[in-house]
Amino acid sequence: MMGLMVSEETRTMTPPTVRSPAAHDAGKPGGATRAWTMRLLVLGIVLSALNLRPAITSLGALLEEVRDGLGMSGSVAGLLTSVPPLCFAVFGVMAPRLARRFGAGAVVCAGMAAIATGLLVRPYAGGTAGFLAGSALALMGIAVSNVLMPVIVKHWFPDRVGSMTGLYSMALALGTALAAAVTVPLTDTLGGSWQTGLALWAGLAVAAVLPWLPFVRGRATPPGEGEEAAGTTQTRDPASPSAEHAPVEAPRLRMVRSRTAWALAVFFGLQATAAYITMGWMAQIFRDAGVPAGTAGLLLAVTMVMGVPLAFVIPRLATRLPHQGPIVLALGVCGLAGYAGLYLAPAAGAWAWAVLLGVANCAFPLALTMVGMRARTGPGVARLSAFAQSTGYLISIPGPLLVGVLYQHSGGWGLPIALMSALMIPQMVVGFLAGRDRTVEDEAAR
């Protein structure tokens with residue numbers, strides 16, 4: 001996979017003197033150690049990405065069983081599907097400050113530990129309140145990792161932003177699809193208990209903790225160290241542990257002044273709204289149309305797995321285009337077609353609608369890529385990532401809840417699907433604006 005990555009794809013985004021860490025350290029006495037560190041970092045990124053959605057899609061696959069087991073109404077279930085964006089908004093804004101204090105690797109490691117603990121605890125906490133509390137703990141870990149992944153990619157792989165974002169997004173889509181596809185069969189195999197079916201995903205999070213332990217202990221050296229001696233300069237990233245006392249040669253930014261930052265935040269929020277409605281409710285839409293539970297889970301998995309190949313292709317394509325608006329529009333058209341199919345023939349064309357909505361959901365890796373492209377420096381990416389994701393997830397909170405309320409009070413899926421379709425139009429508009437070739441440093445410096 002790494003052999004497919006090309007350094008020229010992001011040369012317009014970083015100074016020409018910045019070189020990849022592996023190339024910089026070639027032939028040096030510590031080169032072997034640095035190469036091992038980079039491989040470990042890639043493994044950590046991939047394993048972390050695998051854990052960023054199973055907490056949500058495993059619940060979507062078993063939502064009916066969880067509702068019955070905990071005595072939830074449709075409105076309360078809608079609230080449950082709104083918890084992820086709420087936690088992402090609340091906790092995601094804390095990520096840059098935590099990273100400056102402890103280092104991004106340490107924060108991501110703690111995030112993976114929180115995911116493991118939350119997933120293990122929530123099915124057995126007893127009652128809806130305990131379930132929500134366990135979910136919130138897991139989602140807190142997901143939130144900080146969501147924000148810091150673009151920062152880590154920008155800092156450690158400055159000349160491969162598109163490729164590494166694609167690799168990370170592929171792993172995220174794979175974890176999302178895997179949880180959707182196998183949660184129901186594994187639950188049946190393990191005795192039919194939804195508690196066991198949800199708790200088993202804690203094991204994957206435990207595995208993701210391990211690659212980050214060297215970064216917690218500070219044994220890994222950020223790639224910027226030593227470059228000054230080689231005659232090059234690189235802005236220190238506040239996400240690295242060594243940068244806590246190092247000056248950051250970047251202007252202080254006020255993201256609220258940047259139109260690009262706002263466009264990207266709204267785009268992020270609307271695509272997140274669509275994604276969490278899909279993850280939380282699509283399996284139920286198919287089940288209500290007469291599709292068996294196992295097949296409905298597979299259909300949700302198909303939607304999620306579409307992101308595996310496309311999440312690698314779209315970021316690479318986006319970094320080669322001066323304007324990412326055309327990609328935004330193409331994804332939006334697929335979403336509108338998928339929603340139309342869900343309304344007109346949910347069971348008859350189920351596989352086609354699942355594919356189309358899976359393509360539309362690839363707005364997420366595109367948004368992550370644009371975060372890296374709309375800022376020139378590591379600190380700029382950190383602030384833009386926190387602003388866009390926290391603001392975006394706040395915007396996305398009402399969507400899944402409103403779908404649950406409309407579903408319960410209308411007795412069908414017509415109004416919820418109409419809402420999803422209507423939200424796709426502004427998503428296309430703001431995404432087109434966010435795709436313009438400009439940076440937040442030019443708009444938000446103070």
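**Note on an all-helix predicted model**

1. Helices α14 and α15 are roughly parallel to each other, because angles under 35 degrees count as roughly parallel and theirs is about 15 degrees. Their axes lie 6 Å apart. Helix α14 covers residues 293-305, and helix α15 covers residues 307-320. Keep in mind that this is a predicted model.

2. Which residues make the α14 and α15 meeting? On the α14 side they are Thr-303, Met-304 and Val-305. On the α15 side they are Gly-307, Val-308 and Pro-309. Sorted by class, this contact has four nonpolar and two polar residues, with no charged ones.

3. Now the overall picture. The protein chain has 22 helices and zero strands. It holds 446 residues, and 60% of them count as buried. Take the contacts between residues at least 6 apart in sequence: 84% of these join residues at least 24 apart.

4. A second helix pair is worth a look. Helix α3 spans residues 54-61, and helix α4 spans residues 63-70. Their axes come within 4 Å and cross at roughly 75 degrees. That angle makes α3 roughly perpendicular to α4, since the range for this label is 65 to 115 degrees.

5. The α3 and α4 contact can be read residue by residue. Helix α3 supplies Leu-59, Gly-60 and Ala-61. Helix α4 supplies Leu-63, Glu-65 and Val-66. By class, that is four nonpolar residues, one polar and one charged.

6. Next, the nonpolar interior. In soluble globular proteins, nonpolar side chains tend to be buried together. Here the largest nonpolar core has 130 residues. Those with the most contacts inside this core are Ile-45, Val-66, Tyr-168, Trp-212, Phe-267 and Leu-366. Which helix gives the most to the core? Helix α13, residues 259-288, does so with 18 residues. Val-66 also appears in the contact of α3 with α4.

7. Follow Leu-366 as an example. Set aside its neighbours within four places in sequence. Leu-366 is then in contact with Phe-267, Ile-314, Ala-318, Gln-324, Ile-327, Val-328 and Leu-331. Another core, of five residues, lies apart from the largest one. Its members include Met-170, Ala-173, Val-308 and Ala-311. Val-308 is also one of the residues where α15 meets α14.

8. How many salt bridges does the structure hold? There are two. Side chains of opposite charge can pair when their charged atoms come close. One bridge joins the side chains of Glu-65 and Arg-287, at 3.5 Å from N to O. Glu-65 sits in helix α4 and Arg-287 in helix α13, so this pair links distant parts of the chain, 222 residues apart.

9. Are the two partners buried or exposed? Glu-65 counts as partly exposed, at 28% relative accessibility. Arg-287 is buried, because its relative accessible area is 18% and the cut-off is under 20%.

10. The other bridge joins Asp-442 and Arg-376, whose closest N and O atoms are 3.1 Å apart. This pair also links distant parts of the chain, 66 residues apart. Asp-442 belongs to helix α22, residues 441-444. Arg-376 lies in the loop between α18 and α19. Asp-442 counts as exposed, because its relative accessibility is 58% and exposed means over 50%. Arg-376, at 41%, counts as partly exposed.

Terms used:
Residues numbered from 1 in each chain as written. Predicted model: local features only at pLDDT ≥ 70, side-chain atom pairs only at ≥ 80, totals over all residues. Heavy atoms only, no water. Axes fitted to C-alpha atoms, helices over the stretch in contact; angles between N-to-C directions. Helix = DSSP H or I, 4+ residues; strand = E, 2+ residues; numbered from the N terminus. Parallel < 35°, antiparallel > 145°, perpendicular 65-115°, else oblique. Contact = heavy atoms within 4.5 Å. Nonpolar A, V, L, I, M, F, W, Y, C, P; charged D, E, K, R; others polar. Core = buried A, V, L, I, M, F, W, Y, C linked by side-chain atoms within 4.5 Å. Buried < 20%, exposed > 50% of the residue type's maximum accessible area, 1.4 Å probe, protein only. Salt bridge = Lys/Arg side-chain N within 4 Å of Asp/Glu carboxyl O.
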